[in-house]
Amino acid sequence: LLETNARMSSVVFSPDGAVLAGASSWDRTVRLWDVGLREEIATLSGHGDWVSSVAFTSDGALLASGSGDDTVKLWDVAARREIATLRDQGGDADEDLSTDVRSVAISADGAMLASGSNDGTVNLWDVGARKQIAVLSGHERPVLSVAFSQAGAMLATGSSDETVRLWDVETFQEIATLRGHGAWVGSVVLSSDGVLLASGGGDNTVRLW
């Protein structure tokens, strides 16, 4: 049992399994635990609102966190400090459709980061250059989950609009819309060979595609 006084909205292991990161929706922090010692080793502060999602790079050196403050932050895990803040440059088209970040994922090569927003868009970021490179539009409601294929050529997204969408991250074009869930899609993941996709939804089902 890893104890915390904060409400966790997302947890993820580092690639080597040595560190567990947790996004706190309660106190606006990211927590790090040493898995072997079963103890907290860092509290990362800087977000101005709830933290929704966390993701490691494949080498475990960087951690990304998405927040209701409309930003994604990058953290140096070893130094336990913030190294960049990524903010959507498009602005809010509608006050009712905020750009709160609901989900984040990093490609296997660590070059690209995807963030799903409350306004239904997905932002793609160049991790090295720390800049926004594309906005993917198509979902009609918040994007609750994002996941890259292992090869990094495809991105899957799940949304409150009850759909899963597949995107070509080289052309930034939507390549398929998968319909079948009867409620929000809160989780998506692609198999390591890219052949299968699993999605979990508020309709109490997990679907394979």
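The following exchange examines strand pairing and the largest pocket in a predicted model.

User: What makes β1 and strand β2 a pair?

Analyst: Two strands pair if DSSP finds at least two bridges between them. Five bridges join β1 to strand β2 (residues 19-24), so the criterion is met. The two run antiparallel, and F13 stands opposite L20 in β2.

User: Why are β1 and β4 placed at the edges of their sheet?

Analyst: The sheet is open, with four strands in the order β1-β2-β3-β4 and antiparallel pairing. β1 (8-13) and β4 (39-45) each have a single partner strand, so one side of each is left without a neighbour in the sheet. On average, neighbouring strands here are turned by 20 degrees against each other, direction ignored.

User: Which strands are the edge strands of the sheet that contains β9, β10, β11 and β12?

Analyst: That sheet is likewise described as open and antiparallel, in the order β9-β10-β11-β12. Its edge strands are β9 and β12 (131-136), each of which pairs on one side only. The twist from one strand to the next averages 25 degrees.

User: How do you know that strand β10 and strand β11 are joined?

Analyst: The cut-off for pairing is at least two bridges. Between strand β10 (residues 112-117) and strand β11 (residues 122-126) there are five, and the strands run antiparallel; therefore they count as paired. As one example, M112 has D126 in β11 as its bridge partner.

User: What is found between β15 and β16, which form a hairpin?

Analyst: Four residues lie between them, and F172 in the turn has a positive phi of about 65 degrees. Strand β15 (residues 163-168) and strand β16 (residues 173-179) run antiparallel and are joined by six bridges. With at least two required, they therefore qualify as a pair. Within this pairing, W167 has E174 in β16 as its bridge partner.

User: What volume does the largest pocket have, and which residues lie nearest its centre?

Analyst: The volume of the largest pocket is about 690 Å³. Its lining comprises 30 residues, with A55, A105, I106, V146 and A147 lying nearest the centre. Two or more lining residues come from each of β1, β5 (51-56), β9 (101-106), β13 (143-148) and β17 (185-190).

User: How many residues of each class make up the lining of the largest pocket?

Analyst: The lining has 17 nonpolar residues, twelve polar and one charged. Gly counts as polar in this scheme, so any glycine in the lining falls within the polar class.

Conventions. Residues numbered from 1 in each chain as written. Predicted model: local features only at pLDDT ≥ 70, side-chain atom pairs only at ≥ 80, totals over all residues. Heavy atoms only, no water. Axes fitted to C-alpha atoms, helices over the stretch in contact; angles between N-to-C directions. 1 Å grid on protein atoms, 1.4 Å probe; cavity = no way out; pocket = protein on both sides within 12 Å on 5 of 7 lines; lining within 4 Å. Points joined across faces, edges and corners; volume = space filled by probe spheres on them.
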